[in-house]
Amino acid sequence: MSNYSIQTISENYKMTAFGVAFEDFNDWAGNAAKTAAKKAEITENGKLAELLALADGQEYQINYNLDRKAWRGFGVMGEFDVEGAVVLDFLAGDYLVVPGTGADKERLADEITGSVFGGMLQEITDYKYVGPGNATFVKADENGAFCGEMWLRVKKAEV
């Protein structure tokens, strides 16, 4: 079984992000292209840098259920008023925390996400994912490689 922990967040919190809604959740190639295009857009127009400067500088890749559609974006912890960004509510409770390491900063968040949704959630029987979203961050470690974590809200499974 993969490495994970359960952490309790005692208060609701917000994240502010730019992203895209997916019309067809199962269109993996199309959704990846839409996500990459949005990341390129907010990087090139300076909107992501503006958001990072308002927060602590840590970028998150966020998956969320927004208006009953799958949504993916890039943002920060906290609530900020930036044109075109959305503020997402994350609820207090237990969170499944899944760490990961890798050499490629741009791929690590997707690798952790793939591991979690590609089978790890099915292996964990004492907790169930309840959403409405999850967030992954990646940062450099002291050895020049990268480490990251995905946080997903869960509830203890009833026996």
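So, where is Arg-68 found? Arg-68 sits in the loop between β3 and β4. Before I go on, please keep in mind that this is a predicted model.

Let's stay with that loop for a moment. The phi angle of Arg-68 is near 65°, which is a positive value in a residue other than glycine. Asp-67 has its place in the loop between β3 and β4 too, and its phi is near 55°, again positive and again in a residue that isn't glycine. Are these two buried or exposed? Asp-67 has 70% relative accessibility, and exposed means over 50%, so Asp-67 counts as exposed. Arg-68 comes in at 82%, so that one counts as exposed as well.

While we're on backbone oddities, there's one in strand β7. The peptide bond running from Gly-131 to Pro-132 is cis, with omega near 15°, and Pro-132 lies in β7.

Okay, on to the pocket. How much space lies in the largest pocket? About 890 Å³. It's lined by 36 residues, and the ones closest to its centre are Gln-61, Asn-63, Arg-72, Asp-110 and Thr-113. If you want to find the walls on screen, the elements giving two or more residues to the lining are α1 (28-44), β3 (60-66), β4 (69-77), α3 (105-123) and β7 (127-140). Which element gives the largest share? That's β7, with 8 residues. As for the chemistry of the lining, you get 17 nonpolar, 12 polar and 7 charged residues.

Now, the aromatics. The structure has 6 aromatic pairs. Take Tyr-13 and Phe-90: their ring centres are 5.3 Å apart and the planes make an angle of 15°, so this pair is stacked. Why bother with that one? Tyr-13 is in strand β2 (residues 13-21) and Phe-90 is in strand β5 (residues 86-90), so the pair ties together parts that are 77 residues apart in sequence. Tyr-13 is buried, at 18% relative accessible area, and Phe-90 is buried too, at 1%. For reference, the cut-off for buried is under 20%.

Both rings belong to a cluster, by the way. Tyr-13, Tyr-64, Phe-90, Tyr-95 and Trp-151 make up one aromatic cluster. And there's a charge over a ring elsewhere: Lys-39 lies over the face of Phe-74, 4.7 Å from the ring centre.

Back to β7, where I'd like to look at a couple of residues. Thr-136 lies in that strand, and with 1% relative accessibility it counts as buried. What does Thr-136 touch, leaving out residues up to four places away in sequence? The list is Glu-59, Tyr-60, Gln-61, Ala-109, Ile-112, Thr-113, Glu-149 and Met-150. You'll recognise Gln-61 and Thr-113 from the list of residues closest to the pocket centre.

Lys-139 is also in β7, but this one is partly exposed, with a relative accessible area of 41%. Not counting residues up to four places away, Lys-139 touches Gln-58, Ala-145, Phe-146 and Cys-147. If you'd like a distance to check on screen, Lys-139 and Leu-96 are 19 Å apart, C-alpha to C-alpha, and 43 residues apart in sequence.

That contact with Phe-146 takes us to strand β8, where Phe-146 is found. Phe-146 has 16% relative accessibility and counts as buried. Its contacts, leaving aside neighbours within four places in sequence, include Gly-100, Thr-101, Gly-102, Ala-103, Asp-104, Lys-105 and Leu-108, and also Val-138, Lys-139, Ala-140 and Asp-141. Another distance for you: the C-alpha atoms of Phe-146 and Gly-84 are separated by 30 Å, with those positions 62 residues apart along the chain.

Last stop, Ala-157. Where is Ala-157 found? In the segment after β8 (146-156). Ala-157 touches Thr-125, Asp-126, Tyr-127 and Lys-128, once residues up to four places away in sequence are left out. Ala-157 and Gln-7 are 150 residues apart in sequence, yet 16 Å apart in space, C-alpha to C-alpha.

That's my tour, and I'm happy to go back to any of these residues.

Methods:
Residues numbered from 1 in each chain as written. Predicted model: local features only at pLDDT ≥ 70, side-chain atom pairs only at ≥ 80, totals over all residues. Heavy atoms only, no water. 1 Å grid on protein atoms, 1.4 Å probe; cavity = no way out; pocket = protein on both sides within 12 Å on 5 of 7 lines; lining within 4 Å. Points joined across faces, edges and corners; volume = space filled by probe spheres on them. Helix = DSSP H or I, 4+ residues; strand = E, 2+ residues; numbered from the N terminus. Nonpolar A, V, L, I, M, F, W, Y, C, P; charged D, E, K, R; others polar. Phe/Tyr/Trp six-rings, centres within 6.5 Å; stacked < 30°, edge-to-face > 60°. Buried < 20%, exposed > 50% of the residue type's maximum accessible area, 1.4 Å probe, protein only. Lys NZ or Arg CZ within 6 Å of the ring centre and 35° of its normal. Contact = heavy atoms within 4.5 Å.
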